[in-house]
Each structure stands twice: as C-alpha cells, then as structure tokens.
Amino acid sequence: MTDQNTRLGIWMMVATTLVFAIQDGISRHLAGQYNVLMVVMIRYWFFAAFVIVVAARKSGGVRAAARTSQPVLQMFRGLLLSLEICVMVAGFVALGLVESHAVFASYPLLIAALSGPVLGETVGWRRWVAIGVGFVGVLIILQPGFRVFSPAALIPLAAALMFALYGLLTRYAARRDTAATSFFWTGVTGAVMLTAIGLWFWEPMSGPDWGWMAALCVTGALGHWCLIRCYEVAEASAVQPFAYLQLVFATAVGLTIFGETLRPNVVLGAAVVIAAGLFTLWRERQR
C-alpha cells in the first residue's frame, strides 16, 4: 500500500462522510413531511438498482454476486441494515441531526464490546476501559437525571447498536463470502423487505419533494461508490478514523439548515466518545 493510495483513500472517506451527511439532511427533511418507511423504501429502490448494476459489471455478473452458502445470514444482515436506517432517520426527526449523530458515534465502541460474544475475538482491558469511557461520553450527551429525559434520545442509541451488530455480522459473513456478495444481498434484501412494508404507507409527494427524493437517491449511490472506492485503494484501519467527520458535517447541516443548537454537554460528550473510539481503533490496529 503506497502513501499515495492511503492519501487517496483518506480523501475518499472524507468525501463519503460529506455525501452521507448531506443525505442525512435530505432524509430529515423528507421524513419530517412523509412516512419514514416510504422515504427509506424509495431510497432503497435506487440503492438496489445501483447494487445490481455494480454486480453486473463484475466477473461472473449478478449470478456470481448472489451466490452464497449462508443465505439466512445474508438476508438477516440486509434486513437489519434497512431497519437501522429507518430507526436512524426517525431519530433525525425526533431528536435532530446533531444529537442523533453524537450518540450514534458510539457504534465503534459497541462493535468492540460485542466482538467477543459475536465473533469470539479477544478484547483486552485497555479497550474495555476505552469502551467504558466512551459510554460515559454518551451519558454526558444524554444527561439522564440532569434534565427531563427524552425517550427520543434512545432512538439513535438503538440505531448504533443495530449498526454495530450489522458490522459484526458483515465480518462474520466475510469468512465465506466476498464483499461483492454481501453488498448485493444488503441492497436487494433491504429493498424487498421495505417494499413489502412501505407500500402500505404510501403518501402523495409534492413536485419539489420528488426533486429532494431524487437527490436522496443520488447521494445514497454516490456515497456508497465513494466508500467502495475508499476501501479499494486504502486499508480500512488507515481511513476508518476519518469516518468520524460525518458527525462534523452532519452537525454543520443541522446548525445551518435546520437551526439546531449545539449544547456544551453534546460537544463534550461527543469529544469523549470520539476519543474513546479512536483509541479502540488504534488498539485494534496494533493487535
């Protein structure tokens, strides 16, 4: 791996986080006007089409991408991610982008904590301390006992837990399936499941909002393309710390577009969560 490739990978991760932050802002707008399930369903239609096009261009085509010896695991992964996205978008509406992403930033800590029971990996005492410190940061953000606790604050935490489990199951699936196969099942399974549910919640959409929906679909595909490209040119351990920039970009969108506020406890708690997460990533790389 050359320095140039690593540098390109970092820039692709920065681009990924920026595009996904914009996507989150559009999702918040649309989900504030229409049913969350319908919004995510339409987004998944475009995502599934993108996944199929990517698979068709690879060696062996769609048939090779769909071939798996663990279909139940792959379907469960796809269902879990689609549900996690619905939960997170609901969190954007109920809590806002700033606090939702501040809490969601704890997902690398959850991955580290669950890697033992799910994957049988060893988690040393230093990483356990970092995990504990990170969740102190989450408590600083949520402030239970210091103000009227909003149950909505648990929505992004639930999304973080679901995303962490999805990430661990993706690692487990990678022991027998290629990344292309996992990507294919993620898109197609989610689209099928959301279509079966989301069509029951269809609502008429205004012309301008169809434009925003088109932008949501395009940013979704563009973000995934940037992420794929990122991991093609650089090692995951080198670029993963820059994924935290999504919190920065999403916060900027929340403050400037939606008029959200940035409370001191959210800044402090997010800083603690990110510091703990970066430490766990560093320890994993050392290991």
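**An all-helix chain and a buried aspartate**

Reading along the sequence, the pattern comes out as α-α-α-α-α-α-α-α-α-α-α-α-α. That is 13 helices and zero strands, in what is a predicted model. The radius of gyration is 19 Å, close to the 19 Å that the globule rule gives for 287 residues, so the chain is as compact as a globular protein of that length. Taken along the principal axes, the C-alpha atoms fill a box of roughly 50 × 50 × 35 Å.

As for packing, 49% of the 287 residues count as buried. Among contacts with a separation of 6 or more, 89% come from residues 24 or more positions apart. On the outside, the accessible surface adds up to about 13,600 Å², and carbon and sulfur atoms own 70% of that. On the charge side, the chain carries 19 positive and 12 negative side chains, with the centres of the two sets sitting 8 Å apart.

One residue deserves a closer look: Asp209, which sits in helix H10, a helix covering residues 207-233. Asp209 is buried, yet has no salt bridge. The nearest side chain of opposite charge belongs to Arg28, and that is 13 Å away, against the 4 Å within which a salt bridge is counted. So what does Asp209 touch, leaving aside its neighbours within four places in sequence? The contacts of Asp209 are then with His29, Leu30, Gln33 and Tyr34.

How values were computed. Residues are numbered from 1 along each chain as its sequence is written. This is a predicted model: local features need pLDDT of at least 70, side-chain atom pairs count only at pLDDT 80 or more; totals for chains, interfaces and linings use all residues. Side-chain values use heavy atoms; hydrogens and water are left out. Helices (H or I, at least four residues) and strands (E, at least two) are DSSP runs, numbered from the N terminus. Buried means under 20% relative accessible area, exposed over 50%, partly exposed in between (1.4 Å probe, protein chains only). Lys and Arg count as positive and Asp and Glu as negative; His and the chain ends are not counted. Contact means heavy atoms within 4.5 Å. The radius of gyration is taken over C-alpha atoms; the globule rule is 2.2 Å times the number of residues to the power 0.38. Accessible areas come from the Shrake-Rupley method with a 1.4 Å probe; for residues, only the protein chains shown count as cover. The place of a charge is taken as NZ of Lys, CZ of Arg, CG of Asp or CD of Glu.
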